Structures are given as structure tokens and as C-alpha cells.
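This report follows one sheet and then the enclosed and open spaces that its strands help to line. Please keep the sequence and the structure in view while reading.

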Amino acid sequence: MLELRSLAIPDVKVIRTDRFSDARGYFSETFQRSAFAEKGILHDFVQDNQSSSDWIGTVRGLHFQRPPFAQAKLIRVLSGAILDIAVDLRRSSPSFGKHISIQLDSEGGEQVFIPKGFAHGFCTLQPKTVILYKVDQVYAPSHDGGVYWADPKLAIEWPVTPSEAHVSPKDQTLPTLSQLGCVFD
């Protein structure tokens, strides 16, 4: 069975699927197109991405792709744990500039659906964390964008400070929200 619940920004959804456990471990059907469609997630996921982060405090993001290559994402943790963040970049949205944060881990098995129009990022809470996410548009380097993860105006309560975080040089130089300009109407 597929359970869906909205977060503080209602377009972002937490998804839980059944797990069937026995002495060997568990089995879970994490994605079935028709079950997701019945719950209103009608996206055609065309690419799977996987990332591995060795250290606690690794920050990836806040990333997005500009139209026409904007991506909806379905995120889950295969091992470890993260604080997952989605920032609303839709200028016409009442929640523009606001964010949601949710802890995801491999034990809980929850997934998060983030629609187009959001910047996405996460911080690892355990070493050797592996994330898998589906996207409904292929990666287009020429349409790659982002927002500085530690932008104080976003008021995200990250579990690490900028001096403690393991962040790529690219992510260190992303613009703040006020520097970004309009990406999504």
C-alpha cells in the first residue's frame, strides 16, 4: 500500500510504501507507476541518480535545473540518514522562498517527492550515506542552477555550520536567493 502525506508546503509529499519483513530482512516495492498515478503523482521518471557521501556533515545542494529541463524528484535513502531540504523557487507561490526539511533514513524507508520549481539539497547525518533519486527530466548541464545552501535569508536550520560542512567548491559559490533572479514563475 502507498501512503502519501503533504508537508508544510503541500506540493512536497512524503511517501511510505509497505515493507514485508522476515528473518532475512525486508522487501519493499518502492515505485509502481500506477500506484503513484492513483495518488496524483503522474510524472514519468526518466533517470535514476545515486550519490554516496562518506562523511557526516556532507552538504549537497541546493540544486535545480532551469526550464525546459526542470526536474521533479523522488528521493530516498538507501543507507545512512539525511536532513533533506526543498526550497520553493516559484515566484507566484505563496510559499516562495520558504523551505521544508525532513529527516530521511534507510530504516524508515520514507521517500520525498519534490515537484519542479524547487531547489533541493541535503546534509548527511551518518557516514557512508547513499541516496537514490528519480527525476522526470534528464540532466542538462547548460540548465544547471542552484542557491547557496547557507543563505541566512532562507533560515534553514542545518545540522552543521559552514565551517564544519563538507561542500563542493561549486556549491560554495552559488548565488543567494536574492541574487538568483526569477527562475520559475
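## The five-stranded sheet

In this predicted model, five strands are arranged as an open sheet in the order 9-8-11-6-13, and their pairing is antiparallel. Strand 9, which covers residues 99–105, and strand 13, which covers residues 144–146, stand at the edges with a single partner strand each, so one side of each has no neighbour in the sheet. When direction is ignored, neighbouring strands of this sheet are turned against each other by 30° on average.

Within this order, strand 8 (residues 81–88) pairs with strand 11 (residues 118–124) in the antiparallel sense, over seven bridges. Asp 88 has Phe 118 of strand 11 as its bridge partner.

## The enclosed cavity

The model has one cavity of 30 Å³ or more, and the space in the largest cavity comes to about 60 Å³. Its lining is made up of His 63, Phe 64, Gln 65, Ala 70, Gln 71, Lys 73, Lys 116, Gly 117, Phe 118, His 120 and Phe 184. Phe 118 therefore appears in two settings, as the bridge partner of Asp 88 and as a part of this lining.

Strand 6 (59–65) and strand 11 each supply at least two residues of the lining of the largest cavity, and strand 6 gives the most, with three residues. Sorted by class, the lining of this cavity holds four nonpolar, five polar and two charged residues.

## The largest pocket

The largest pocket holds about 430 Å³ of space. Its lining consists of 23 residues, and those that lie nearest the centre of the pocket are Arg 60, His 63, Lys 73, Tyr 133 and Lys 170. Two or more lining residues come from each of strand 5 (47–53), strand 6, strand 11 and helix 2 (169–172). The largest share, six residues, is given by strand 6, and by class the lining of the pocket divides into six nonpolar, 12 polar and five charged residues.

## Elements and residues that recur

Strand 6 is part of the open sheet, gives the most residues to the lining of the largest cavity, and also provides the largest share of the lining of the largest pocket. Strand 11, which pairs with strand 8, likewise supplies at least two residues to the cavity lining and two or more to the pocket lining. His 63 and Lys 73 are found in the lining of the largest cavity, and both are also among the residues nearest the centre of the largest pocket.

Notes. Residues numbered from 1 in each chain as written. Predicted model: local features only at pLDDT ≥ 70, side-chain atom pairs only at ≥ 80, totals over all residues. Heavy atoms only, no water. Pairing = 2+ DSSP bridges. Helix = DSSP H or I, 4+ residues; strand = E, 2+ residues; numbered from the N terminus. Axes fitted to C-alpha atoms, helices over the stretch in contact; angles between N-to-C directions. 1 Å grid on protein atoms, 1.4 Å probe; cavity = no way out; pocket = protein on both sides within 12 Å on 5 of 7 lines; lining within 4 Å. Points joined across faces, edges and corners; volume = space filled by probe spheres on them. Nonpolar A, V, L, I, M, F, W, Y, C, P; charged D, E, K, R; others polar.
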